[in-house]
Amino acid sequence: MLRSLYPLLCLYVLHVPGRPPQGANRGEVVAGAAAHEVDAALYRERVRAMFYHAYDNYLAHAFPYDELRPLTCDGQDTWGSFSLTLIDALDTLLILGNVSEFQRVVDVLQEGVDFDIDVNASVFETNIRVVGGLLSAHLLSKKAGTEVEPGWPCSGPLLRMAEEAARKLLPAFQTPTGMPFGTVNLLHGVNPGETPVTCTAGIGTFIVEFATLSHLTGDPVFEDAARKALKALWKNRSDIGLVGNHIDVVTAKWVAQDAGIGAGVDSYFEYLVKGAILLQDEELMSMFLEYNKAIKNYTKFDDWYLWVQMYKGTVTMPIFQSLEAYWPGLQSLIGDIDNAMRTFLNYYTVWKQFGGLPEFYNIPQGYTVEKREGYPLRPELIESAMYLYRATQDPTLLELGRDAVESIERISKVECGFATIKDLRDHRLDNRMESFFLAETVKYLYLLFDADNFMHNDGSTFNIVLTPYGECVLDAGGYIFNTEAHPIDPAALHCCKKQKEERWEIEDLMREFYSLKRNKKLTLKRTTDKSEGESQKPSVDTSSEDGRIKTNLKNNTKRKISPLSCPNQPFNSKLEVMGQVFLDNT
């Protein structure tokens, strides 16, 4: 029997030494915390301090390794020796307003990151963290005051780095089915003995990054590969409309036949929705809506989602996984707010019980699963809270943000950063700080508490950029976050329409034009003049905080108009200015 929901305003747990007894009083709590209105400005600044405590310690003790080990104050390579935390944190720096550090890190990455190395790398992780992080930073570069080259956003050093990294992944897609291997050697391609078994998410989580790359570079190979993989999964769904957890990418035989919305499957569904919004693609949205029907029919019970056998629909695991907590946020993107809030509140009760989300939670028993009691500071529940708060302004969602800040600071904060919680029952820690803590967890917390952040732009302001192909509207909002929380400006995909050969010719002409223009300016000693349409440089506040130069974001020259009205879209799912998709029949 499922546990009933705890009262919405119950106190949150900070310490649970063992299995909590039945009843409302569980462990140590902060008295009266839920009784007061959440001070968003206060918590926004606390989140900022959390970011710098983690970021500064990474720079001091772990760089150039991928990740920080906060208990021993050193670093380790985990996903391929890319200085991964630096890439993952880059766009978060700009969202927090630190322009000068963003600019410095861009220079560091250009000089220090090399993808031509003999390393076996996860195709999935390299895509979402490295390719996604570089693409996002590339598209935000002008907003950060970085001097961009002629032809931007259709060219630029970070775009070339993202393209180089993505090309290293393409050999993994050379299979009979088009579904990629899970691992590739960045120097030699797929190893001869590589296992053909890949999880569903590892196959279906490329369309956002790869389509963006294709649209910006003019090379369709990336989007074509991502679409072929997506369609292969769709083709191999069961007769009742479900997909399993792991599949053989050579034979297309399902190896693990558990169907659900969590680990191993999660971001496949996420990318069908986000890919549909990004590309205005009716087919991708239709695929997701068909999956959504099957998920509701076979896996949903009392606003929880269980694991079932993909061919029969029988329950195999009555488990909630922490990775599933992205689902309410995804539901909000298709306008299903009521169902999203009910499921979110179920998940929030688990957080209140432990002060975090255990990796696995047995729903009938109302407790953790053995060897799955940890919480590696994952962002998914906070991500859903951010999306739902933008849609509803429900103060309960700010309470989750408050609880997350309090729990993470009191349980996982150590001298050299924030440590993974190895066991939520006794709060033992593990010696790792995943890069997604700075890429996702802190970012979503900050955006939850920062209502005026430029990421929340409703289309009333925008910038016009001159590209080799005409004027391009950017920074109008509607950002699509990849599954590592790297924001992509969907408008940028419409800036670079020409084929690659034509693009090169136009870029050469643009460079020559700007070079002549610059030389003429120097001759006339008009170095202070701004060329027409050039953005104003952000002003710099040189007051320092903890030794860092802080740079205040000043918006580029903008036009103030009423919220953008979009033309009719070619399919029945509309992209609304706040980033939600509404169906014609809702």
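The following exercises, each with a worked solution, concern a predicted model of a single protein structure.

**Exercise 1. Describe the overall make-up of the chain: how many helices and strands are there, and what share of the residues is buried?**

Solution. Begin with the secondary structure, where the chain holds 16 helices and 30 strands. Then turn to accessibility, for which buried residues account for 59% of the 586 residues. Finally, consider the contacts between residues at least 6 apart in sequence, of which 69% join residues at least 24 apart.

**Exercise 2. Classify the ring pair of Phe82 and Phe115, and work out which parts of the chain the pair ties together.**

Solution. The pair is taken from a search of the whole structure, which finds 28 aromatic pairs. The ring centres of Phe82 and Phe115 are 5.5 Å apart and the planes stand at 55°, so the pair is classed as tilted, given that planes under 30 degrees apart count as stacked and those over 60 as edge-to-face. The next step is to place the two residues: Phe82 belongs to the loop between β4 (74-76) and α2 (84-95), while Phe115 belongs to the loop between α3 (99-112) and β5 (120-122), so the pair ties together parts that are 33 residues apart in sequence. As for accessibility, Phe82 has a relative value of 2% and counts as buried, and Phe115 is buried with a relative accessible area of 2%, since the cut-off for buried is under 20%.

**Exercise 3. Find which rings are linked to Trp234 in a cluster, and which charged residues sit over the rings of Trp234 and Tyr348.**

Solution. Ring pairs link Trp234 with Tyr268, Phe269, Phe288, Tyr291, Tyr305, Tyr326 and Trp327 in a cluster. Over the face of Trp234 lies Arg237, at 3.6 Å from the ring centre. For Tyr348, the residue is Lys352, whose charged end sits over the ring at 4.2 Å from its centre.

**Exercise 4. Decide whether helices α7 and α9 run roughly parallel or roughly antiparallel, and list the residues through which they meet.**

Solution. The axes of α7 (residues 207-217) and α9 (residues 266-279) come within 9 Å and cross at roughly 25°. Because angles under 35 degrees count as roughly parallel, α7 is roughly parallel to α9. On the α7 side the contacts are made by Ile207, Val208, Glu209, Ala211, Thr212 and His215, which meet Tyr271, Lys274, Gly275, Leu278 and Leu279 of α9.

**Exercise 5. For the open sheets β10-β13-β14 and β15-β16-β17, identify the edge strands and a bridge partner pair in each.**

Solution. In the sheet of three strands ordered β10-β13-β14, the pairing is antiparallel. Its edges are β10 (258-259) and β14 (315-317), each having a single partner strand, so one side of each is left without a neighbour in the sheet. Two bridges join β13 (residues 307-309) to β14, and Val308 stands opposite Val315 of β14.

The sheet ordered β15-β16-β17 is likewise open, with three strands and antiparallel pairing. Here β15 (319-321) and β17 (367-368) are the edge strands, each pairing on one side only. Strand β16 (residues 360-362) is joined to β17 by two bridges, and Asn362 has Tyr367 in β17 as its bridge partner.

**Exercise 6. Characterise strand β22: is it mostly covered or mostly exposed, and how is it connected to β23?**

Solution. Strand β22 (residues 461-467) is mostly covered, with five of its seven residues buried. A hairpin through two residues joins β22 to β23. The pairing of β22 with β23 (residues 470-474) is antiparallel and extends over five bridges, and Asn463 has Leu474 in β23 as its bridge partner.

Note on methods
Residues numbered from 1 in each chain as written. Predicted model: local features only at pLDDT ≥ 70, side-chain atom pairs only at ≥ 80, totals over all residues. Heavy atoms only, no water. Phe/Tyr/Trp six-rings, centres within 6.5 Å; stacked < 30°, edge-to-face > 60°. Helix = DSSP H or I, 4+ residues; strand = E, 2+ residues; numbered from the N terminus. Buried < 20%, exposed > 50% of the residue type's maximum accessible area, 1.4 Å probe, protein only. Lys NZ or Arg CZ within 6 Å of the ring centre and 35° of its normal. Pairing = 2+ DSSP bridges. Axes fitted to C-alpha atoms, helices over the stretch in contact; angles between N-to-C directions. Parallel < 35°, antiparallel > 145°, perpendicular 65-115°, else oblique. Contact = heavy atoms within 4.5 Å.
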